[in-house]
Amino acid sequence: MMQPNLIPVLDPNPLPAPYWVFVSLLIITFVLHIVAMNFMLGGAVVALMAKWRAKNRVLGNRVFFDVAKKLPSLLPATITIGVAPLLFVQVLYGRFIYTSSVIMAWPWFLVLIFLTVAYYGFYYVSFRSGQHPGRAGTVMLSSVILIFIIGFLFSNNLTLSQTPSRWGAKYFADPSGWNLNLSEPTLIPRFLHFFVAAVALGGLFLVFVALANWKRDHEYARQVLQFGGKSFLYATMAQFAVGIWFLISLPRGMRMLFMGDSPLATALFLVGLTGGVAAIVLMSGALRNENLRVAAYLVPGIVAVVIACMSVMRDLLRDAYLNPWFNPGQIAEKTQWSVFPLFLVLFVSGVILWLVMLARYGFFGSRKESAQ
Amino acid sequence: MNYPVWDVAFGAGLLIALVAILHVFVSHFAVGGGLFLVLTERKARHKNDAELLDWLKRHTRFFVLVTVVFGAVSGVGIWFTIGLISPVATSNLIHAYVWGWAIEWIFFFLEITAALLYMYGWDKLEPRLHQWYGWIYFIAAFASMVIINGIITFMLTSGSWPKNYEFWKGFFNPTYFPSLAFRFAIALALAGIYALITTSVQKDSALKTRIVRWSAWWIVPSLAALPLLARWYIHRIPPDVWASASGSAPTPTLYAGMAVFLLIVTFVLALLSLIRPGRIHLAFSLLVALVALGAMGSFEFVRESIRKPYVISNYLYANSLYAKQIQGDGGFNVDAVNSAGILQTAKWIKVRELTAADQATVGREIFRVECESCHTANSYRGLRHYLALRKWDENKIQAMIGGLEFMHNGIMPPFAGTDQERAALAAYVSSIYPVAATAPVAADGKTVFMQNCSMCHRVNASDALFKNLPKDANTASEAMKDLTSLFPLMPDLKLTEQQRMALAQWVNAQRTAHGIEAPMEGGN
């Protein structure tokens with residue numbers, strides 16, 4: 001049994017805005033981060049599958065390099081957007097996440113090394129082409145493995161952060177930080193839940209690649225649609241098995257939250273399940289009929305709703321885990337009115353400028369071609 | 001002690017230094033290099049210099065690979081690392097400045113997007129639009145420096161923040177503007193220094209000549225401005241804090257000297273590159289970059305070490321104890337720990353009972369929670385090294401731990417805990433480099449001074465030892481028999497008669513050598 005006084009005391013500084021502001025920012029930015037991560041990791045996995053598993057090698061290679069060219073943008077998107085939830089999670093749950101991080105400090109620190117190497121790997125692959133592939137496949141696989149490990153380390157840390165009862169034994173057995181949370185029953189299903197979701201989103205990413213090529217190169221786009229759509233389908237079907245495993249692995253009290261004990265959690269779970277089934281049915285129909293609109297607009301729309309529901313569920317689950325030690329009502333609040341509005345103004349301006357940047361580049365239609 | 005301490009055998013401080021120095025060397029390039037890209041593009045287009053444009057395109061790819069990849073990951077890396085090594089400080093910085101970080105994140109996001117569009121847009125965008133992305137990149141990168149600079153300088157000179165906790169009071173603190181100007185000058189110089197690297201691998205010597213000369217315009221004036229900006233910076237640092245880098249404390253003094261020396265070497269090398277710019281070699285350009293990295297690393301070391309004993313000045317000590325009692329500190333302030341004891345206060349401590357048999361074991365635990373944020377036993381800032389110089393036995397160590405806050409211009413926080421806990425810590429520290437109480441002691445004045453006094457005293461006219469110790473060696477020796485009666489905070493060192501006499505004579509010799517006036521006979 002843990003010593004009850006191991007939970008660090010709250011930071012003496014009050015929350016500089018209402019609690020709900022941080023919760024909202026945490027969930028919104030987490031959703032954006034996880035979508036970018038899914039496109040990046042899932043896209044890379046699907047690209048590798050295309051290269052090595054597609055019956056049509058020419059198609060497989062083309063899909064591989066088409067996706068590979070996007071990865072050096074998707075990885076920084078994942079990292080950059082990820083900084084925000086990392087910030088807000090520290091504001092709300094710093095006591096838990098700092099502690100678990102220190103307990104598994106070396107693996108946590110290694111995330112940085114793995115990320116840097118994986119990142120350069122993606123760049124290497126993106127600078128190659130079908131004519132000069134070099135070791136593109138092997139390098140891409142290495143990067144994917146490294147990111148896979150990073151995801152696993154994140155799952156370790158986040159599960160450890162919400163199970164303080166394991167802290168003392170782990171830390172005092174090895175204060176040098178060579179710990180993981182391997183004995184946690186939810187660890188593997190939770191990690192697989194995220195990984196399989198990434199593969200599904202990777203499939204959807206290919207559907208977008210098909211959309212972008214639909215008019216330019218219809219035959220290629222049709223094949224990409226089929227490959228991406230099927231990847232999405234199989235992964236989402238597998239997700240039902242993984243999801244059930246994850247649900248069963250939860251302690252009974254937590255599991256029951258989603259099965260009636262908490263109306264909100266149950267409703268979100270049902271929406272998520274229904275959305276998952278609907279996405280499978282719609283995607284399989286879309287692939288049969290080659291209905292790009294359903295595959296590239298309706299299904300992603302439903303998936304976005306499912307991800308949002310799942311992210312809120314994830315938050316509710318964390319609060320349930322931390323319930324004995326975490327009471328938002330105890331956290332003092334003192335909004336920094338001298339700077340919070342400035343953040344809001346800059347945030348809105350930043351989003352507008354960002355969209356203008358993308359628009360002027362031609363992401364939403366016509367592109368200004370070089371006069372060189 | 002509110003959080004577990006990560007036990008890094010080779011030194012947690014070394015790890016954060018490594019991550020931080022590599023990061024700043026790239027992140028400053030990310031700012032200056034952004035301006036370099038747009039202005040060079042403008043110049044090349046204005047002069048219709050196709051070769052220069054072609055080089056700049058390749059340089060952009062290098063720029064993105066260095067800044068967007070390594071710069072961004074190592075920036076997140078600093079967060080990871082400080083969260084692991086100093087969670088209390090990180091939590092304070094996050095809670096007090098979350099809106100600062102959040103604003104910086106907006107600029108970071110714009111910066112990364114603009115950098116990628118600028119790189120991918122070289123062949124796709126018309127020139128004006130391409131440069132528009134370059135300008136957005138530079139402005140966003142500079143804006144993120146404007147924000148981060150506020151938080152970094154707040155840690156060194158927190159201004160009135162510890163009294164009023166007001167965001168902008170801490171942000172626009174005394175060193176804010178000089179630090180911003182200083183860092184921007186470094187950023188501009190680094191833009192030119194990094195450009196030398198990609199230039200040196202070009203074959204066209206005429207092109208090399210043009211770029212090296214252009215880069216010199218970035219490097220030379222910026223480096224020449226640094227001494228002036230440094231003066232302004234130093235002027236805004238409280239004199240008692242800056243004293244650490246001007247002789248009172250060995251580490252910051254050493255690094256201040258290195259920073260100046262390496263800055264001069266960088267400057268000279270930059271000028272040398274102009275002698276035969278068309279033949280600049282990769283090895284030479286990497287040497288310039290390496291020396292600049294050394295200079296910049298030394299500067300950051302100075303800033304970090306003069307900030308000690310604090311991690312946030314006048315608020316939080318480097319070992320995560322609050323300097324004074326504040327609301328919500330959980331009892332983690334020096335006074336509270338002195339009365340309750342560290343073993344009863346620290347959360348992450350294994351043994352809470354102290355017995356005669358396990359002094360050193362418990363002392364090791366105390367060392368971990370109170371000292372390991374800066375020290376190791378045998379590696380980085382290792383105690384073995386210091387003890388080998390001083391030859392302190394356990395009793396002397398215990399006495400010295402009682403006055404840590406007076407050593408080297410107060411660069412260490414005071415020991416917090418009970419006398420028994422101090423004895424336990426001394427037992428552990430002594431086990432790192434055992435010296436028997438009966439071991440022969442040094443008897444020449446200089447060694448006696450270096451081993452026993454130099455931590456707190458320096459040879460100058462304002463130093464209490466040199467100002468007040470009686471000139472007559474016998475009287476001085478008699479006075480030093482009981483040091484605590486001379487000054488209550490002095491450790492009770494129990495020097496031998498021979499040592500005291502030698503010390504008194506050496507002090508007089510130094511007075512003569514440095515023109516320090518001795519007190520009137522009978523003075524103290």
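This is a short talk on the contacts within and between chain A and chain B of a predicted model.

Let me start with the interface. Chain B gives 81 residues to the contact, and chain A gives 82 residues. Between the two chains, about 7200 Å² is buried. Carbon and sulfur atoms give 73% of that area. On the side of chain B, F80(B), W99(B) and W348(B) lose the most area to chain A. Together these three make up 12% of what that side buries.

How many salt bridges are there between chain B and chain A? The count is 0. Polar contacts are another matter. Between chain B and chain A, 24 residue pairs are in polar contact, with both residues at pLDDT 80 or more.

Which elements of chain B give two or more residues to the side that touches chain A? They are α1, α2, α3, α4 and α6 of chain B. The largest share comes from α3(B), with 26 residues.

Now one residue at the interface. N2(B) sits in the segment before α1 of chain B. Is N2(B) buried or exposed? N2(B) is buried, with a relative accessible area of 8%. The side chain of N2(B) reaches across to chain A, where the backbone nitrogen of V9(A) lies at 2.8 Å. Leaving aside neighbours within four places in sequence, N2(B) contacts P8(A) and V9(A) on the chain A side. Within chain B, N2(B) contacts V88(B), F332(B), K347(B) and W348(B), with the same neighbours left aside. Remember W348(B): that residue is one of the three in chain B that lose the most area to chain A.

Next, back to α3. L93(B) is found in helix α3 of chain B. L93(B) is buried, at 5% relative accessible area. What does L93(B) touch, not counting residues up to four places away in sequence? The list is V98(B), W101(B), I151(B), F154(B), M155(B) and I312(B). Take M155(B) from that list. L93(B) and M155(B) are 62 residues apart along the chain, yet their C-alpha atoms are separated by 8.8 Å.

On to the aromatics. The whole structure holds 78 aromatic pairs over all chains. Here is one of them. F36(B) and W218(B) pair edge-to-face, 5.1 Å centre to centre, with 65° between the planes. F36(B) lies in helix α1 of chain B and W218(B) in helix α8 of chain B, so this pair ties together parts that are 182 residues apart in sequence. Both partners are out of the solvent by our cut-off of under 20%. F36(B) is buried, at 0% relative accessible area. W218(B) is buried too, at 8%.

There is also a cluster linked by ring pairs. Its members include Y97(B), F154(B), W161(B), Y165(B), F167(B) and W168(B). Also among them are F171(B), F172(B), Y176(B), F177(B), Y315(B) and Y322(B). F154(B) has come up before, as a residue that L93(B) touches.

Charges over rings come next. K51(A) lies over the face of F64(A), 5.1 Å from the ring centre. R62(A) puts its charged end over the ring of Y220(A), 3.5 Å from the centre.

R62(A) leads us to salt bridges. Side chains of opposite charge can pair when their charged atoms come close. Over all chains, the count is 21 salt bridges. One is D217(A) with R62(A), where the closest N and O atoms are 2.8 Å apart. What does that pair tie together? D217(A) lies in the loop between α7 and α8 of chain A and R62(A) in helix α2 of chain A, so the pair links parts 155 residues apart in sequence. D217(A) is partly exposed, at 25% relative accessibility. R62(A) is partly exposed as well, at 35%.

Now a local one. D54(B) forms a salt bridge with R58(B), closest N and O atoms 3.0 Å apart. Both lie in helix α2 of chain B, 4 residues apart, about one turn of the helix. D54(B) is partly exposed, at 38%. R58(B) is partly exposed, at 40%.

K481(B) and E478(B) also form a salt bridge, with closest N and O atoms 3.5 Å apart. K481(B) is partly exposed at 45%, and E478(B) is partly exposed at 47%.

Last item. Which residues are linked in a network of salt bridges? R183(B), E300(B), R303(B), E304(B) and R307(B).

Conventions: Residues numbered from 1 in each chain as written. Chains lettered and ligands numbered in written order. Predicted model: local features only at pLDDT ≥ 70, side-chain atom pairs only at ≥ 80, totals over all residues. Heavy atoms only, no water. Phe/Tyr/Trp six-rings, centres within 6.5 Å; stacked < 30°, edge-to-face > 60°. Buried < 20%, exposed > 50% of the residue type's maximum accessible area, 1.4 Å probe, protein only. Lys NZ or Arg CZ within 6 Å of the ring centre and 35° of its normal. Contact = heavy atoms within 4.5 Å. Buried area = accessible area lost by both parts, 1.4 Å probe. Salt bridge = Lys/Arg side-chain N within 4 Å of Asp/Glu carboxyl O. Polar contact = N/O pair within 3.5 Å; in protein donor to acceptor, adjacent residues only side chain to side chain.
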